[in-house]
Amino acid sequence: QVQLVESGGGLVQAGGSLRLSCAASGSIFSINAMGWYRQAPGKQRELVASIISTGSTNYADSVKGRFTISRDNAKNTVYLQMNSLKPEDTAVYYCNLDNWVSGIDAYWGQGTQVTVSS
C-alpha cells in the first residue's frame with residue numbers, strides 16, 4: 001500500500017501562483033511515475049503533469065509553459081509549481097503514484113482544492 005499526502009492548494013487571483021506538494025510513503029518501487037490530475041465540477045478527471053523516477057516529464061497542452069512538475073526521489077515527493085493561473089485551472093487536484101508505470105499498481109491522494117478567481 002501507498003499513502004499520498006497532498007498540500008498547497010488554496011485560493012488565488014488570476015495570474016498568481018501556487019505550489020502543490022505530495023509526499024508518498026509505503027510500498028514504493030524504484031521505477032514509478034508520480035503525477036497530478038485535476039477534476040473540475042461536471043468534468044472528467046484529466047492529467048495535468050507527470051514525471052517518471054528517471055526524470056522524464058509529460059504535460060497537458062493547457063498547462064505547458066505555465067506549470068512545472070518536479071520530484072525529490074529521496075523524499076518520495078512530487079511538486080507542481082503553477083504560475084500564471086487562470087480561472088479555468090480551478091479544480092480539485094489529485095496526486096497519483098503509479099508503481100512500475102504500469103497502471104496496475106497505482107494510488108491516489110485525497111485531493112486538494114485550487115480555486116482561481118478572476
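This report walks through a predicted model, from its core and one sheet to its salt bridges.

## The core

Let us start on the inside. The largest nonpolar core of the model counts 30 residues, and Leu4, Trp36, Leu80, Met82 and Tyr93 have the most contacts inside it. Eight stretches of chain are worth finding on your screen here: strand 1 (2-7), strand 3 (18-26), strand 4 (32-39), strand 5 (46-52), strand 7 (67-72), strand 8 (77-82), strand 9 (91-99) and strand 11 (112-117) each give two or more residues to this core.

Tyr93 is a good residue to click on. Leaving aside residues up to four places away in sequence, Tyr93 touches Glu6, Leu20, Trp36, Tyr37, Arg38, Val48, Phe67, Leu80, Met82, Gly111, Thr112 and Val114. Among these partners are Trp36, Leu80 and Met82, which are also listed with Tyr93 for having the most contacts inside the core.

## A four-stranded sheet

Next comes an open sheet of four strands, in the order 1-3-8-7, with antiparallel pairing. Strand 1 and strand 7 form its edges, each pairing on one side only. On average, neighbouring strands of this sheet are turned by 15° against each other, direction ignored. As a reminder, strands of a sheet pair through backbone hydrogen bonds, either parallel or antiparallel.

At one edge, six bridges link strand 7 and strand 8 in the antiparallel sense. Across from Leu80 in strand 8 stands Ile69.

Strand 3 holds Ser21. Is Ser21 buried or exposed? Its relative accessible area is 17%, so Ser21 is buried, the cut-off being under 20%. Not counting residues up to four places away in sequence, Ser21 is in touch with Val5, Glu6, Ser7, Trp36, Val78 and Tyr79.

## The loop residue Asn76

Between strand 7 and strand 8 runs a loop, and Asn76 sits in it. With 24% relative accessibility, Asn76 counts as partly exposed. Which residues does Asn76 touch, not counting those up to four places away in sequence? They are Cys22, Ala23, Ala24, Ile28 and Met34. If you would like a distance to check, the C-alpha atoms of Asn76 and Ser102 are separated by 18 Å, and the two residues are 26 apart along the chain.

## Salt bridges

Side chains of opposite charge can pair when their charged atoms come close. The structure holds four salt bridges, and the table gives three of them, among them the pair of Glu46 and Arg38.

| Side chains | N to O distance |
|---|---|
| Glu46 and Arg38 | 2.8 Å |
| Lys64 and Asp61 | 3.1 Å |
| Arg66 and Asp89 | 2.7 Å |

How do these residues sit with respect to the surface? Asp61 is exposed, at 65% relative accessibility. Glu46 is partly exposed, at 37%, while its partner Arg38 is buried, at 7%.

The pair of Arg66 and Asp89 deserves a second look. Arg66 lies in the loop between strand 6 (57-59) and strand 7, and Asp89 in the loop between strand 8 and strand 9, so their pairing ties together parts that are 23 residues apart in sequence. Arg66 is buried, with 11% relative accessibility, and Asp89 is buried as well, with a relative accessible area of 1%. Through shared salt-bridge partners, Arg38, Glu46, Arg66 and Asp89 are joined into one network.

Definitions and conventions
Residues numbered from 1 in each chain as written. Predicted model: local features only at pLDDT ≥ 70, side-chain atom pairs only at ≥ 80, totals over all residues. Heavy atoms only, no water. Core = buried A, V, L, I, M, F, W, Y, C linked by side-chain atoms within 4.5 Å. Buried < 20%, exposed > 50% of the residue type's maximum accessible area, 1.4 Å probe, protein only. Contact = heavy atoms within 4.5 Å. Pairing = 2+ DSSP bridges. Axes fitted to C-alpha atoms, helices over the stretch in contact; angles between N-to-C directions.
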